[in-house]
Amino acid sequence: MITAGYFIGQLIDDLASIGGQVANRNKLGMTDLTKLLENFYRDIINNIYGYSLKNANEERSNAPGLDLIDDVRGIGIQVTSQGGSGKINDTLEVLTAEQITLYPQMIIMIAGTKQKSYTGLKQEFIDKANFKTEDIWDYTDLCKALVNLPLDELQGLHQLVSQQVARVKIELEIPNEDGTFATGIEQYAEAIPRERLSDLKKFASFLHADMGATEGETREFVEAFVADLKELPRITREIFEYMWTRREKAMHRALSPIDIRSPTQS
């Protein structure tokens, strides 16, 4: 029987993995986040806290200071990869008077990891937005909250995260020095095999006797055939080989003399 501990462990591992990826990107100066990640946290927070968050940028492109909004509860969330005081000051500074009225609770959701303390926050911006430092979240805050969910809700959240986490990890992947990605399709696509041809003399002799083909014509035909064949996936080539082998065995059995001796005569 799957227990709550199993779901909690899997969720913590997945959220920690994404938080670590974002932190690594920040070290390389890659601080941009995709809309996919905003919606990822939207769905998780809605499931954990029962909010009705929607993506503000779907209605108004790059709404200043806000990425997610809950019009019912008056909650606004900025999803950011940067967890420093400077980023939070910038977020609070650009909030409009209308946003502060509509969303009196402002949450900063840091996709990476937050600082241990925030002594660098400007008091004027805190007072302007009525902001509380406990509303600076990262994945550890989500993990602390989800442990209290009942089993059925944990299972639903686990299913949701499992469905999305692979896509998010790919979006956050750091390219290699040559600009390729570890999960790029070229890493998984089968390499085109290198053919190894014999001198084809026996085959050429057979075609010459049967069809009058010259050795050059035989080689040209075989090389063109092999060039087409090696473009096919390996599994397709193996199926062709299997069908041909079975065909030869079937023909051999069909042409063999029928043994009508009784078992006792064998």
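Is Tyr41 buried or exposed? I looked this up at the start: Tyr41 is buried, at a relative accessible area of 0%. The model is a predicted one, and I keep that in mind for every entry below.

**Entry: aromatic rings**

I searched the whole structure for aromatic pairs and got 5. I took Phe40 with Tyr41 as my opening case. Their ring centres lie 5.4 Å apart, and the planes stand at 75°. An angle over 60 degrees counts as edge-to-face, so I filed Phe40 and Tyr41 under that heading. Phe40 is buried as well, with a relative accessible area of 1%.

Next I checked Tyr49 and Tyr51. The centres of these two rings are 5.4 Å apart, with the planes at 25°. The cut-off for stacking is under 30 degrees, so this pair is stacked. I then looked up how covered each partner is. Tyr49 has 29% relative accessibility and counts as partly exposed. Tyr51 has 16%, which is under the 20% limit, so Tyr51 counts as buried. I also noted a cluster: Tyr49, Tyr51 and Trp137 belong to one aromatic group.

**Entry: α2 against α8**

I turned to helix α2, residues 35-49, and its packing on helix α8, residues 151-171. The two axes come within 10 Å and cross at roughly 170°. That angle makes α2 roughly antiparallel to α8.

Which residues of α2 meet α8? I listed Leu36, Leu37, Phe40, Asp43, Ile44, Asn47 and Ile48. From α8, the contacting residues are Glu153, Leu157, Leu160, Val161, Gln164, Arg167, Val168 and Glu171. Sorted by class, this contact holds 9 nonpolar, 2 polar and 4 charged residues. Phe40 thus turns up twice in my notes: it pairs with Tyr41, and it is in the α2 contact with α8.

**Entry: Glu38**

I stayed in α2 for Glu38, which sits in that helix. Is Glu38 buried or exposed? Its relative accessible area is 10%, so Glu38 is buried. I then looked for its neighbours, leaving out residues up to four places away in sequence. Glu38 touches Asn55, Asn57, Asp67, Leu68 and Val79.

**Entry: helix α7**

I counted burial along α7, residues 139-146. The helix is mostly covered, with 6 of its 8 residues buried. I wrote these down as Tyr139, Asp141, Leu142, Cys143, Ala145 and Leu146. What covers them? The cover includes α1 (4-27), α2, β4 (105-110), β5 and α8.

I also checked Lys144, which is in α7. Lys144 has 59% relative accessibility and so counts as exposed. I looked at its distance to Ile12 too. The C-alpha atoms of Lys144 and Ile12 are 9.3 Å apart, while 132 residues separate them in sequence.

**Entry: α10 against α11**

I moved on to α10, residues 201-211, and α11, residues 215-229. They pack at an angle of about 115°, and their axes are 9 Å apart. The two helices are therefore roughly perpendicular to each other. I recorded the crossing as right-handed.

Which residues make the contact? On α10, I found Lys201, Phe203, Ala204 and Leu207. On α11, they meet Glu215, Thr218 and Val222. By class, I have 4 nonpolar, 1 polar and 2 charged residues here.

**Entry: positive phi**

I ended with backbone angles. Leu200 is a residue other than glycine, yet its phi is positive, near 60°. Leu200 lies in the loop between α9 (185-188) and α10. Its relative accessibility is 11%, so Leu200 counts as buried.

Asn130 also went into the notebook. It is not a glycine either, and its phi is positive at about 50°. Where is Asn130? I placed Asn130 in the loop between α6 (123-129) and β5 (136-137). With 53% relative accessibility, Asn130 counts as exposed. I set the two side by side: Leu200 is buried, whereas Asn130 is exposed.

Note on methods: Residues are numbered from 1 along each chain as its sequence is written. This is a predicted model: local features need pLDDT of at least 70, side-chain atom pairs count only at pLDDT 80 or more; totals for chains, interfaces and linings use all residues. Side-chain values use heavy atoms; hydrogens and water are left out. Axes are lines fitted to C-alpha atoms, for helices over the stretch in contact, and angles run from 0 to 180 degrees between N-to-C directions. Helices (H or I, at least four residues) and strands (E, at least two) are DSSP runs, numbered from the N terminus. Angles under 35 degrees count as roughly parallel, over 145 as roughly antiparallel, 65 to 115 as roughly perpendicular and the rest as oblique. A crossing is left-handed if the near helix is turned anticlockwise from the far one by less than a right angle, and right-handed if clockwise. Contact means heavy atoms within 4.5 Å. Ala, Val, Leu, Ile, Met, Phe, Trp, Tyr, Cys and Pro count as nonpolar, Asp, Glu, Lys and Arg as charged, and the others, Gly among them, as polar. Buried means under 20% relative accessible area, exposed over 50%, partly exposed in between (1.4 Å probe, protein chains only). Rings of Phe, Tyr and Trp (its six-membered ring) pair if their centres lie within 6.5 Å; planes under 30 degrees apart count as stacked, over 60 as edge-to-face and the rest as tilted.
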